[in-house]
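Thank you for making the time this morning. I would like to walk you through one structure, and I will go slowly, since it is new to some of you.

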Amino acid sequence: MKTHRIKVALGDRSYSVLVGHGVIDQIDEVLPKSAKRAVVITQSTITLQPELNIPSTTVVIGNGEEHKSLQTIEMLAQKFAEFGLTRNDVVIGVGGGMVTDIAGFAAASWHRGTAVVHVATSLVGMVDAAIGGKTGVNISQGKNLVGAFWQPSGVLCDLDSLKTLPQRELRCGLGEVAKYHFLTGDDLLALEMPERIARCVEIKAKIVAADERESGSRALLNYGHTLAHALERSSNFFVGSR
Ligand SMILES: NC(=O)c1ccc[n+]([C@@H]2O[C@H](COP(=O)([O-])OP(=O)(O)OC[C@H]3O[C@@H](n4cnc5c(N)ncnc54)[C@H](O)[C@@H]3O)[C@@H](O)[C@H]2O)c1
């Protein structure tokens with residue numbers, strides 16, 4: 001089956017995004033050569049898991065925006081320490097945008113910067129969250145207020161994971177796909193799903209490569225997000241019960 005390979009061109013921090021069925025089996029291609037151990041971060045709802053040729057441990061984090069928190073980062077740092085994860089090793093986030101935002105920020109903070117690989121399992125993750133290096137967590141004053149730019153070493157968008165993705169989450173992802181349609185005018189609906197996702201990744205990769213730190217044109221990618229964050233805040237969506 002065809003694998004689409006899209007490059008996010010950021011000089012010495014460039015990386016590949018692989019899109020296709022079964023691409024999780026190609027994880028060795030995107031792991032840093034220095035990595036001797038890995039911590040996999042995932043959720044109980046995610047069945048797709050990588051088979052690794054290096055020693056690893058898996059940490060399951062909570063589900064929902066209220067777990068995208070500094071408390072989760074502290075818990076992960078303690079797990080990293082217990083496992084003996086060094087700066088030359090790798091963190092692997094396997095999940096939707098919530099998991100990859102958390103895994104990215106935990107990796108950015110661990111020893112002031114440890115490699116991270118994202119395996120995106122939701123449509124939002126594949127076309128948006130896992131690409132571009134924005135990482136972070138929520139605090140009660142607002143969403144994604146604490147974070148860092150930390151580019152992954154590679155991203156895998158394994159289309160097999162979409163089989164278990166709830167319909168509601170698929171629709172959320174199609175909303176992000178619509179964003180790329182409005183930004184570019186591309187007829188994305190005319191494409192089959194693998195090509196549609198690969199095209200969205202290409203569009204995002206080009207915008208990120210032109211403005212990595214969002215000093216200008218990258219703000220286009222926030223189309224609709226700022227209003228959505230305000231709605232989430234006013235409805236206490238991510239504060240939850242904690
Ligand atoms: N960093 C960025 O550039 C960026 C961009 C967009 C969104 N985000 C962030 O991404 C998050 C939203 O991402 P999301 O929409 O993927 O939500 P999510 O990660 O919360 O996932 C939604 C639900 O789907 C489940 N799920 C994910 N993949 C699954 C699969 N293959 N099978 C079964 N269940 C699965 C999750 O466990 C969760 O219950 C938000 O926190 C948002 O702030 C970040």
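I will begin with one helix and then turn to a pair of strands.

Please keep in mind that this is a predicted model, in which local features need pLDDT of at least 70, side-chain atom pairs count only at pLDDT 80 or more, and totals for chains, interfaces and linings use all residues. Residues are numbered from 1 along each chain as its sequence is written.

Helices (H or I, at least four residues) and strands (E, at least two) are DSSP runs, numbered from the N terminus. Helix H1, residues 70–83, has 14 residues, and it is followed by Gly-84, whose phi is positive, near 80 degrees.

Which residues of H1 are buried? Here a residue counts as buried if 20 or more other C-beta atoms, placed from the backbone, lie within 10 Å of its own, as exposed if 12 or fewer do, and as partly exposed in between. By that rule Thr-72, Ile-73, Leu-76 and Phe-80 are buried in H1. They sit on the same side of H1, because they cover an arc of only 100 degrees around the axis, the arc being that of the directions from the helix axis to the C-beta atoms. On the other side of H1, the exposed residues include Gln-71, Glu-74 and Gln-78.

Let me turn to the strands. In strand E7, residues 134–139, five of the six residues are buried. A hairpin of two residues joins E7 to E8, and in E8 it is Gly-142 that serves as the bridge partner of Ile-139.

Terms used:
Expected span 1.5 Å × (residues − 1). Contact = placed C-beta atoms within 7 Å. Pairing = 2+ DSSP bridges.
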